[in-house]
Amino acid sequence: MIKLYNVNVSFFGEKKALDGVNLKIAPGEFLYITGESGAGKSTLLRLIYADLNPTRGIVMVDGQNVSNMNHRTIPYLRRSIGVVFQDFKLLEEKSVFENLRMALEIYYLKPKHMEEKIYPLLKKLGIFVKRDTIVKKLSGGEKQRVAIARALINEPKVILADEPTGNLDNDNADSIMRLLLENRDKGSTVIVATHDQRLMEHFPARMVELKYGKIKHDSLTGSTQEKGEDDED
Amino acid sequence: MKISVVLKSGLRLFRETMSLNLASVVTVITVLFIYSMFVIIGSSSDSFLKEITKTDSMRVYVKSPTKTSVDDLIKQLQEIEGVRSISYYSQEDAFNYLKGSTANINYLDKIPPELFPAFIEVAVKDDFQEISRLREMERRIMSLSNVDVASYGEKWIQNFSDIRSAVKIFLVVLTMLLTISVGIIIFNTIRLSLFRYREDIKIYNLVGATRTFIEIPYVICSFLEITIAYFISSAVVYLFMLFMNVKLLAPVGLNFIVLPDVFYYLKTYIYLVVISTIASTISVTSFLSKVKSINES
């Protein structure tokens, strides 16, 4: 489903954000990407939804090489990927409903059909009563749930979550994790970037640890990336 | 369904950015008003000059107006390409011709007809009334024997033709300036609107919106802007010209202003729609190619 071959990313030719990363993620897999701040977790996620091109190497998503994808093709890739950001990336001046509607407008759905998709999801996430509330009036936890709802609304094949529980208490964090696992069970591939140890212990899954842009440890393979592994293909 | 959704999104965008659009509409109205005024005055002057420089005949003065020599000359003239008909005016006819065209001037009666030159009026076919063809015809006539002078008022025609050419060049330059100014106004209005919605655009990009999905509402918005501006400016120009004709020019005997026909209005409207579509498309595509990722500030 998702494959990274010897991927390097460096910004402005300086320090490498990712350094010779090789990774294979199977369809329907649940995976944690962990590591300290600046380890390259977010960079890895950005590569997958074609927000960033690798300086070197290949990134394959669902059989497509997204490393240097044409800008006309990127939207169709992104329709199969739901992204949750730590800082939500919501429109603060718009209502919860309007924020979710944006993800459906691109399919030219009728308003009635949009409601049929949005309302059940809001109910599931416990924020249905807030559907007409302006986002800036919501708490951090509520905003996080809106961001998750937006990522899930189109039932994506891949869900990328960057610290999705960072603003939530344990109960809310657990409910979000259960929702992500539920989507995994429906066939979605879920990748969660986090350094929340409690979460990883409570919901055990494959864990890939990054350090200084390299894979320090992969719990599936047990491998550790050694220096010099980033040789030419 | 898709078309109606896209149209609605364009209308919604136009409504939401009304303050920006109004400023743009007023500016375009002003530009179009000035342009239309010049075009109407320019084209009216052009058709007026065209009318007065219209040459449908040439006058040929003969050296020796004897019957045989004139008959010979008429036969030779009839063979020249572009000649429609020929009329001979004897000295007597020439005198009467002058008297007929200058009424109430009694002293002409005291002038002997012998002082007036006999001439042949050569009517020219429509296709031969251009200055270059008239010149050619004049050259051929002058080469005939018994022709003293062939005249069609070239100097005046040349002067008026120069003025008409200048007017046409002026209108072309004005049209280019209109294109540039309307294009820039639409481009900037759309660009300001895009900046206002840059965060929305980043989110649309994130959730998989195509460029067309983002572009079309802005193109519709520019279409509405230009349509409103065009119809208002046309109405204002029409009323203003009507007022000028009826209240200012007609009382002093000037009625050379000719309002353009429907075809002109339709042509101008289509031209403006094309300009605004191109300008808005360039504005959106150049913005989208520069817009940063949702992860960057």
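This report describes the fold of chain A in a predicted model, followed by selected features of chain B.

## Overall dimensions of chain A

Chain A contains 7 helices and 10 strands. The C-alpha trace spans about 55 × 40 × 35 Å along the principal axes of the chain. The radius of gyration of chain A is 18 Å, which agrees with the value near 17 Å that a compact globule of 233 residues would have.

Of the 233 residues in chain A, 53% count as buried. Among the contacts in chain A with a separation of 6 or more, 68% are between residues 24 or more positions apart. The area that chain A exposes is about 10700 Å², and carbon and sulfur atoms supply 48% of this area.

## The antiparallel sheet

An open sheet in chain A is made of 4 strands in the order β2-β1-β4-β5, with antiparallel pairing. Its edge strands are β2 (16-25) and β5 (64-65), each of which pairs on one side only. Strand β4 of chain A covers residues 56-61 and is joined to β5(A) by 2 bridges, with the strands running antiparallel. Within this pairing, M60(A) has N65(A) in β5(A) as its bridge partner.

Strand β1 of chain A, residues 2-10, includes N6(A). This residue is not a glycine, yet N6(A) has a positive phi of about 50°. Is N6(A) buried or exposed? N6(A) counts as buried because its relative accessibility is 4%, and the cut-off for buried is under 20%.

## Strand β3 and its parallel partners

Strand β3 of chain A runs from residue 30 to residue 35, and 6 of its 6 residues are buried. In a regular strand, side chains alternate between the two faces of the sheet. On one side of β3(A) are F30(A), Y32(A) and T34(A), and on the other are L31(A), I33(A) and G35(A); all are buried, which leaves both faces covered.

Two parallel pairings involve this strand. β3(A) pairs with strand β8 of chain A, residues 189-193, over 4 bridges in the parallel sense. In that pairing, L31(A) stands opposite I191(A). β3(A) also pairs in the parallel sense with strand β9 of chain A, residues 206-211, over 5 bridges. Here T34(A) stands opposite E209(A).

The loop between β9 and β10 (214-218) of chain A holds Y212(A). Like N6(A), which has a positive phi of about 50°, Y212(A) is a non-glycine residue with a positive phi of about 50°. With a relative accessible area of 56%, Y212(A) is exposed, whereas N6(A) is buried at 4%.

## Strand β6 and the loop that follows

Both faces of β6(A) are covered. I81(A) and V83(A) are buried on one side, and G82(A) and V84(A) are buried on the other. β6(A) runs parallel to strand β7 of chain A, residues 158-162, and 4 bridges join the two. The bridge partner of V84(A) in β7(A) is A161(A).

L91(A) is located in the loop between β6 (81-84) and α3 (96-105) of chain A. Its relative accessible area is 9%, so L91(A) is buried. Which residues are in contact with L91(A), leaving aside its neighbours within four places in sequence? Those in chain A are N99(A), M102(A) and V135(A), and those in chain B are E199(B), D200(B) and I203(B). L91(A) and V135(A) are 44 residues apart along the chain, and their C-alpha atoms are separated by 7.0 Å.

## Features of chain B

Helix α7 of chain B spans residues 198-206, and its buried residues are D200(B), I201(B), K202(B), I203(B), Y204(B) and L206(B). Two of these, D200(B) and I203(B), are among the residues in contact with L91(A). Just after α7(B), G208(B) has a positive phi of about 100°.

A nonpolar patch lies on the surface of chain B, formed by I169(B), V173(B), L177(B), I180(B) and I184(B). Together these residues have about 470 Å² of accessible area. One of them, L177(B), lies in helix α6 of chain B, which covers residues 154-196. An α-helix has 3.6 residues a turn, so residues three or four places apart point the same way.

Definitions and conventions:
Residues numbered from 1 in each chain as written. Chains lettered and ligands numbered in written order. Predicted model: local features only at pLDDT ≥ 70, side-chain atom pairs only at ≥ 80, totals over all residues. Heavy atoms only, no water. Patch = residues over 30% accessible without salt bridge, like charges linked within 9 Å, V, L, I, M, F, W, Y side chains within 5 Å. Areas by Shrake-Rupley, 256 points an atom, 1.4 Å probe, with all protein chains shown as cover. Salt bridge = Lys/Arg side-chain N within 4 Å of Asp/Glu carboxyl O. Buried < 20%, exposed > 50% of the residue type's maximum accessible area, 1.4 Å probe, protein only. Pairing = 2+ DSSP bridges. Rg over C-alpha atoms; globule rule 2.2 N^0.38 Å. Contact = heavy atoms within 4.5 Å.
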